Amino acid sequence: MFQLDDTQRAFESAVRAWCKKELAPNVPALESGELLPYELLRKLGLDLGLAELLGQMAERRLGVLRSAGSGAESGRGNSAGASLADDPMLTSLLLKEISRVSPGFGMVFIATLGCGMAILGQGSAETVERCALPVLRFEKIGAWALTEPGAGSDAFGSMRTTAVLERDTLVLNGQKTFISNAPYADVFAIYARVAGSPDASPDDRPVRAIVVERGTPGLDTGPPMRKMGMHDSPTGEIFLRDCRVPAGNLIGSLAASRNARGAAALDTLNQERAAMPAMCLGIIERCVEESTRYAAEREQFGRPIAEFQGVSFKLARMELALENARNLVAKLAWAQREGRLDARLAALAKLYCSEQAVRVSLDAIQIHGGAGYLAELPLEKLMRDAKMFEIGGGTSEMQLQTIARSILERSHQG
Ligand SMILES: Cc1cc2nc3c(=O)[nH]c(=O)nc-3n(C[C@H](O)[C@H](O)[C@H](O)COP(=O)(O)OP(=O)(O)OC[C@H]3O[C@@H](n4cnc5c(N)ncnc54)[C@H](O)[C@@H]3O)c2cc1C
């Protein structure tokens, strides 16, 4: 049977205590937009030692890049790029605990981490030092930008944003949308079709990420978008009009594996998909706890509502979802640690956990009756935030497509 070890349990308790003291009291102000999440993000990084840990990771990578002489040519990042620390379960526990209180705040965290890790994995020594290091130390805010107005589920095939190499400069044009942290980010990892020369053919424009810093002429961002949930996670657009950055801001090499359609972007997507189940688990766990307690206490018709089968069967199904989600999150952490995370597993876990987070949070509201509908309880926020996980990082339909494709490939192979 899977069990957390002592280190993992101690870390989980430390994060829970931090969230109770620092995050929970600020959720109303974060939800109303009165307070931006970034000071709190910095505090999380400092208080829990994450800024130091991630900073050390980035410095180690920097040492490797410097000794190799050139970042862009020195290949993929080491496994440091794959997880928060040596134990991916710690990242999952961190995200689970945050999401018990505010999945939106978890989005702010994974968006900044996704940007920092993308640069760390394949950026040059200069971009790692100037951009990844401060992002991973939470001194700067990061954003990771793939989606465009006309390119969502078909993010790679329909991508219109371009970056054209003119001598030692990349010139970016295009638009990104639904980007977490975009309205306030300092550093952007922006995906574009990169042309090695202005006359490069459409087939010779591989998708790559490029680092763009706020303040670069030609880069603009829109205001935070109004959304159904995740109010504490600012989301917005990015506009690129003849935005010129040094060629060294390209993440990865243009020459290497030209045919790979944004392999690095897919890596980051898989990492994001692997992070989201832990966030959904946080929602499910909190809903089960709140509902079980409420059903045992709340009396109608002279007895606790938990004694009515209509309520207790809901609780039983919620418990089943909790058990399954826990197992999937543990398996994901194992796969990441063993270097065996693949698109199928990431998609399975994201699909299941996001669907259950929506269902369980709706059931939790139902069990609480009118009280569940009130903003005073955490349930309605958890439900609104849960819905995002069926869309962001690839919709449920795209996860089904990935899973189906992988099982069909397997059957063809053998
Ligand atoms: C709060 C929030 C934060 C986000 N943060 C980021 C971010 O930081 N960075 C980033 O790059 N993106 C981000 N996204 C974007 C997100 O990844 C996209 O919204 C998502 O991939 C879906 O794209 P779309 O919205 O264009 O929907 P579409 O692709 O237009 O899909 C619309 C519907 O059609 C369905 N559909 C499409 N194609 C098929 C098909 N072949 N078969 C069956 N059904 C299909 C979809 O499943 C969906 O139901 C964020 C989104 C949200 C809501």
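This passage describes the aromatic pairs and the ligand shell of a predicted model. Local features need pLDDT of at least 70 and side-chain atom pairs count only at pLDDT 80 or more, while totals for chains, interfaces and linings use all residues. Residues are numbered from 1 along each chain as its sequence is written, and side-chain values use heavy atoms, with hydrogens and water left out.

Five aromatic pairs were found in the whole structure (ring centres of Phe, Tyr or Trp, the latter by its six-membered ring, within 6.5 Å; planes under 30 degrees apart stacked, over 60 edge-to-face, the rest tilted). One of them, Tyr 38 with Tyr 184, is tilted, at 5.9 Å centre to centre and 55° between the planes. Tyr 38 lies in helix H3 and Tyr 184 in the loop between strands E3 and E4, 146 residues apart (helices, H or I, of at least four residues and strands, E, of at least two are DSSP runs numbered from the N terminus). Tyr 38 is buried at 6% relative accessibility, whereas Tyr 184 is partly exposed at 30% (buried, under 20% relative accessible area; exposed, over 50%; partly exposed, in between; 1.4 Å probe, protein chains only).

The ligand is surrounded by 19 residues, of which Thr 147, Ser 153, Phe 178, Thr 395 and Glu 397 come nearest (a heavy atom within 4 Å). A ligand oxygen atom is 2.7 Å from a side-chain N or O atom of Thr 395, and a ligand oxygen atom is 2.7 Å from such an atom of Glu 397. Domain 2 (162-251) and domain 3 (263-409) both contribute to the shell, so the ligand lies between them (bounds from an automatic or database domain assignment).

Note on methods:
A polar contact is a pair of N or O atoms within 3.5 Å; within protein, one must be able to donate a hydrogen and the other to accept it, and residues adjacent in sequence count only if both atoms are side-chain atoms.
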